[in-house]
Every structure is written in C-alpha cells, then in structure tokens.
Amino acid sequence: SANGNASGMTSELLDDYEEGTWTLASTTSGVTISSQSCRYTKVGRLVTLNGAVTFSALPSNISTINFSGAPFLCWAQHSPGIVREASATGAVYILQLNANNSTFGMNSYSGVANGSARIFVVNESYTFSLTYTTA
C-alpha cells in the first residue's frame, strides 16, 4: 500500500515512552542493601528493568530474597528475568515479578550442581534484567 503497511493494516505512532530510575527495597527479614542502581524504560505497556544490587547483611544460607518497588504493576502473569553475580563467581539466578503486583523475588537457579541452591553473599554485585507487560 502507499503508506508501506500491508493491506488492511493500520499504523500507530509511539506516544508513550518513559525512562527513569527506581528504588528496590528488600521485604526479607535480615537483608540489608548496601548499594543499588536501578533503571527502567517503558514503551507503551512494555517495561524493562535493569539494575545492580549489593548486600551488606544477609541471613545465613539464604537463597531467596523478596523485594518491592518495581515502578509499574505487572499484568496477570508472573514475569521472569535473569540475574548474574557480577563480581566473583558469575553464578546465575532467577528474578520473578509477581502477577498483578510490583513485588518480586530473586532466587538461586535450582538444578545447578545436582540440585543445590547457591546462597547469596554479602559484598557481591548482582546485576539483573527483566522485561514485562504492565497491567
């Protein structure tokens, strides 16, 4: 067609773009965040979170940490993301934003080393990325 779209298709302009910073907070008892750097980009209903977090205090043998503070509510499906320990071992963790919420959990990737769960460690940097659709 004359406008470059396939026959019968319509074109929409991008008029909803936003980016900024956000703050995560641990909701797990005994977890102290010593530093964090979190950014988001929102295009329409699609949100991408990127960040890094370091802990100065953790309960012993902790392999799951819960957070609040995602800048936009997730839609009706849990949305997974990836976490990498970036300062020592390069271990991989999973991030999951909870459905209909702005809370999420970070936990060790189970199934590594015969089902063992790698614990979180103080003074290691954990970088993460997650893309989800808003409610």
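Let me start with the fold: 9 strands make up an open sheet, arranged in the order β1-β3-β4-β9-β6-β7-β8-β5-β2, with antiparallel pairing. At the edges sit β1 (17-21) and β2 (25-26), each of which pairs on one side only. Strands here are DSSP runs of type E of at least two residues, numbered from the N terminus, and two strands are taken to pair if DSSP finds at least two bridges between them.

Before going further, I should say that this is a predicted model, in which local features need pLDDT of at least 70 and side-chain atom pairs count only at pLDDT 80 or more, while totals for chains, interfaces and linings use all residues. Residues are numbered from 1 along each chain as its sequence is written, and side-chain values use heavy atoms, with hydrogens and water left out.

On confidence, pLDDT is the predictor's own confidence in each residue, on a scale from 0 to 100; the chain averages 88, and 84% of the residues score at least 70. Strand β7 (residues 92-97) has the lowest confidence, with a mean of 90, whereas strand β3 (residues 32-43) has the highest, at 98. Where pLDDT is low, the predicted coordinates should not be read in detail.

Let me turn to the β1 edge, where β1 and β3 pair in the antiparallel sense over 5 bridges, and where Y17 has V43 in β3 as its bridge partner.

How many salt bridges does the rule give? The count comes to 2, a salt bridge being a side-chain nitrogen of Lys or Arg within 4 Å of a carboxyl oxygen of Asp or Glu. In one of them K42 is joined to D16, with the closest N and O atoms 3.0 Å apart. This pair links distant parts of the chain, since K42 lies in strand β3 and D16 in the segment before β1, 26 residues apart. For accessibility, buried means under 20% relative accessible area, exposed over 50%, and partly exposed in between, with a 1.4 Å probe and protein chains only. K42 therefore counts as buried, at 10% relative accessibility, and D16 as partly exposed, at 30%.

E124 forms a salt bridge with R118, and here the closest N and O atoms are 3.4 Å apart. E124 is buried, with a relative accessible area of 9%, whereas R118 is partly exposed, at 25%.

R118 also appears around S108, a residue of strand β8: leaving aside neighbours within four places in sequence, S108 is in contact (heavy atoms within 4.5 Å) with S63, Y93, A117 and R118. S108 is buried because its relative accessible area is 8%.

Y93 turns up again around G81, which is placed in strand β6 (residues 79-85). With the same exclusion of neighbours within four places in sequence, G81 is in contact with Y93, I94, L95, S129 and L130. G81 is buried, with a relative accessible area of 14%, and, although G81 and F128 are 47 residues apart in sequence, they are 7.3 Å apart in space, C-alpha to C-alpha.

Finally, the surface. Which residue lies in the loop between β8 (103-108) and β9 (125-133)? That is Y109, which is partly exposed, with a relative accessible area of 43%.
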